[in-house]
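Please open the model in your viewer and keep the sequence panel beside it, so that each selection can be checked as you go.

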Amino acid sequence: MSSKDWIEKDYYAALGVDKSASSDDIKKSYRKLARESHPDHNPGDTGAEERFKTVSEAYAVLGDEKKRREYDEMRSLFGSGAFRRGARGAGQPGGAPFDVSDLFGGGGGGGGDTRFGGGGFTDLFSTIFSGGGAARPRGSARGRDVEAEVALDFSDAVRGVTLPLTLRAPGVCDTCHGNGAKPGTQPVACPVCHGAGVTTRNQGSFSFSEPCRNCQGVGTVVEEKCPECHGTGGVTKTRTLNVRFPAGVADGQRIRLAGRGEPGERGGPAGDLFVHVKVRPDDLFGRTGDDLTLNVPITYAEAVLGTDLRVPTLDGTVTLRVPPGTPAGRVLRARGKGVVRKDGRAGDLLVTLDVVVPATVSDEARAALETFAAQTPPAAREHLDARVRRFG
């Protein structure tokens, strides 16, 4: 995207969010719109393809806190009229008109610089008002970050697991090894900037340094392009990575694999791969932080008389003592039988007791219960009975 895009395009509107939207809201909106307009889901729909490009471009700026801050500052400054078409240079009677497009080396033509040569909004204006400082060359562009989603079984998430992850995404060209040049050749120094990556020009009393348009700020040009990647250094291909998910990884957690994202253009550094974890629920266990949870039914007699319960854990069994007179809902704790923490310590297994009342009983059981009821004190309901008596 060019620098003029930052002034002319409303990325917040493209993602359907307010300027005050949080990072999470921006991410949610992007992922929703990207799924809806992805070319794979809309084959042959050029409109959907354009929408996908638009939301991707918007998220590339608003999804990065630093770029978003610079974008907001730039639109605020230019929107306030600080630079207007036809404004005269300070101290230049009858000076040449100053056009915003002059900042970007375009004047309406194509080929504007990208992201101010990598220096951002602050560097651009420090260059303008410094009396002619040199802009930094952009260098080879860093690759974009890549996101993937993986579903893990509950036990694998608790114990940790290494799984192969297959991605179809841009990767380094195997023919030119990322430099974009035809095998047997190498990129050469740019004849315009002589390898510096920047050029300098004068505009009235201002001296502007900007990324070289001939090499896009890289400092080198490819004279004979690679036949496989056509000079870009990257191709779309399928690759498989072995991803290690640490013990105790939680549902919704994001794992970052540095340098495993999209390769940079012409040998630039690769982006990162972010793996979003979804944990499938288990049919027995639940999880609260580092503790595992388990519901165990017991009979009324077991609750009254007490019993020893043998319950499962993720890697075996454990026996818990239910003391006599245990009420429904009591939680028993099996220490160290939960999720192992990073420091080697483990959470606990929390067992919640559920007293089961049978729907039907035999005549013998009923008689026994009636005898039991006659010999045990009634439940303490005096405070409730007092309120009932008020209503007659």
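What follows is a tour from the whole chain to single side chains, with one selection at each stop.

**The whole chain**

Begin with everything shown as a cartoon, bearing in mind that this is a predicted model. The secondary structure of the chain comes to 10 helices and 17 strands, and of its 392 residues 36% count as buried. If you switch on a surface, the chain exposes about 22900 Å², of which carbon and sulfur atoms supply 50%. Among contacts between residues at least 6 apart in sequence, 63% join residues at least 24 apart.

**Helix α4**

Next select residues 46-62, which form helix α4. With 17 residues at 1.5 Å a residue, α4 should span 24 Å, and the distance between its end C-alpha atoms, 24 Å, agrees with that. At the start of the helix, show the side chain of D45, one oxygen of which reaches to within 3.0 Å of the backbone nitrogen of G47. Then colour the buried residues of α4, which are A48, V55, S56, E57, A58, Y59, V61 and L62. Two of these residues, E57 and Y59, lead to the next stops.

Which residue forms a salt bridge with E57? Add K9 to the selection: the closest N and O atoms of E57 and K9 are 3.2 Å apart. This pair links distant parts of the chain, since E57 is in helix α4 while K9 is in the loop between α1 (3-8) and α2 (11-15), 48 residues apart. The two partners also fall into separate burial classes: E57 counts as buried because its relative accessibility is 18%, under the 20% cut-off, whereas K9, at 33%, counts as partly exposed.

**From Y59 to helix α3**

Now select Y59 together with Y30, and turn the view until both rings are seen edge-on. Their centres are 4.1 Å apart and their planes lie at 0°, so the pair is stacked. Y30 belongs to helix α3 (residues 23-37) and Y59 to helix α4, so that the pair links parts of the chain 29 residues apart. Both Y30 and Y59 are buried.

Stay in helix α3 and select K32 and E36, whose side chains meet in a salt bridge with an N to O distance of 2.8 Å. Because these residues are 4 apart in helix α3, they are separated by about one helical turn. An α-helix has 3.6 residues a turn, so residues three or four places apart point the same way. Both ends of this bridge are partly exposed, K32 with a relative accessible area of 43% and E36 with one of 46%.

**The other aromatic groups**

The structure holds 4 aromatic pairs. Select Y11, Y12 and Y71, which form one aromatic cluster. Then move to Y300 and F372, an aromatic pair that is edge-to-face, with 6.1 Å from centre to centre and 85° between the planes. Here too, distant parts of the chain are linked: Y300 is in helix α8 (residues 300-305) and F372 in helix α9 (residues 363-375), 72 residues apart. Y300 counts as partly exposed at 41% relative accessibility, and F372 is likewise partly exposed, with a relative accessible area of 33%.

**D272 and its network**

For the last stop, select D272, which lies in the loop between β10 and β11. Is D272 buried or exposed? At 8% relative accessibility, D272 counts as buried.

Add R256, whose side chain meets that of D272 in a salt bridge of 2.9 Å, N to O. R256 lies in strand β10 (residues 254-257), so the bridge ties together parts that are 16 residues apart in sequence. In contrast to its buried partner, R256 is exposed, with a relative accessible area of 52%.

Finally, extend the selection to R142 and D145, because salt bridges that share partners join R142, D145, R256 and D272 into one network. A search of the whole structure finds 14 salt bridges. To see the surroundings, display what D272 touches beyond four places away in sequence: R142, R144, D145, V146, R256, L257, A258, G259, R260 and G261.

Definitions and conventions: Residues numbered from 1 in each chain as written. Predicted model: local features only at pLDDT ≥ 70, side-chain atom pairs only at ≥ 80, totals over all residues. Heavy atoms only, no water. Phe/Tyr/Trp six-rings, centres within 6.5 Å; stacked < 30°, edge-to-face > 60°. Helix = DSSP H or I, 4+ residues; strand = E, 2+ residues; numbered from the N terminus. Buried < 20%, exposed > 50% of the residue type's maximum accessible area, 1.4 Å probe, protein only. Contact = heavy atoms within 4.5 Å. Areas by Shrake-Rupley, 256 points an atom, 1.4 Å probe, with all protein chains shown as cover. Salt bridge = Lys/Arg side-chain N within 4 Å of Asp/Glu carboxyl O. Expected span 1.5 Å × (residues − 1). Polar contact = N/O pair within 3.5 Å; in protein donor to acceptor, adjacent residues only side chain to side chain.
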